[in-house]
Amino acid sequence: MSTNQKILTLVMVRKANAILLGLKKRGFGEGKWNGFGGKVENDETVAEGAIRELEEESGLVAKCLKKVGILEFEFVGNPIVLEVHVFDVLQYEGEPVETEEMQPQWFPEDSVPYEKMWPDDILWYPLYLKGIKFKGYFLYQGHDTILKYTLTQVDHLP
Ligand SMILES: CNc1ncnc2c1ncn2[C@@H]1O[C@H](COP(=O)(O)OP(=O)(O)OP(=O)(O)O)[C@@H](O)[C@H]1O
């Protein structure tokens, strides 16, 4: 792993035609709706990091996770590459609670608040919602503009 690469998780929770998003109350992506997640620590696997962040940010305890995508993000003028591992939670325990970092809310799948989310989300959520695995790369200028991107369906993920 290059020292300029940061590994992050993004955990998606669904129930009958609804998706759980959290309004990020602080830090990176503040004010945006997103799945749950954050940086993977040195002493944990990516999946362990996903489970930990989901519980810290939503109160839910994931019992079964499946990796559904990998997204790479670069920001013009910043040498750090974010590698975001996206997981679908197939089984969980608990009810969503507001935490210091996130205010969770269920959204019907046909009214995802894309205008208040990262601009890449509207591009890959349709694949995710159809159950298609994906890989993507996005070059951002600031936090609102995607200068270029690639997005492909894949059969397998590492
Ligand atoms: C650029 N386009 C993007 N589109 C969609 N999602 C994005 C994203 N860029 C980052 N993300 C996600 O945003 C969270 C940040 O987490 P972030 O707050 O930095 O992590 P963590 O909780 O470890 O931080 P602190 O402990 O507060 O430092 C984390 O889920 C990460 O996957």
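Biologist: Before anything else, what counts as a helix or a strand here?
Modeller: Helices (H or I, at least four residues) and strands (E, at least two) are DSSP runs, numbered from the N terminus. This is a predicted model: local features need pLDDT of at least 70, side-chain atom pairs count only at pLDDT 80 or more, and totals for chains, interfaces and linings use all residues. Residues are numbered from 1 along each chain as its sequence is written.

Biologist: So in what order do the elements of the protein run?
Modeller: From the N terminus on, the order is β-β-β-α-β-β-β-α-β-β. That makes two helices and eight strands.

Biologist: How many residues surround the ligand?
Modeller: There are 17 around the ligand, the closest being Phe28, Gly37, Gly38, Lys39 and Trp118. A residue is near a molecule if its C-beta atom, placed from the backbone, lies within 6 Å of it.

Biologist: Which elements give two or more residues to that shell?
Modeller: Strand E1 (5-15) and strand E5 (78-93) do. E1 has the largest share, three residues.

Biologist: And how many of the shell residues are charged?
Modeller: Three are charged, next to eight nonpolar and six polar. Asp, Glu, Lys and Arg count as charged; Ala, Val, Leu, Ile, Met, Phe, Trp, Tyr, Cys and Pro as nonpolar; the others, Gly among them, as polar.

Biologist: Other topic. What share of the protein is buried?
Modeller: Buried residues make up 27% of the 158 residues. Buried means that 20 or more other C-beta atoms, placed from the backbone, lie within 10 Å of the residue's own.

Biologist: What does the C-alpha trace span?
Modeller: About 40 × 35 × 35 Å along the principal axes of the protein.

How values were computed. Buried ≥ 20, exposed ≤ 12 C-beta atoms within 10 Å, placed from the backbone.
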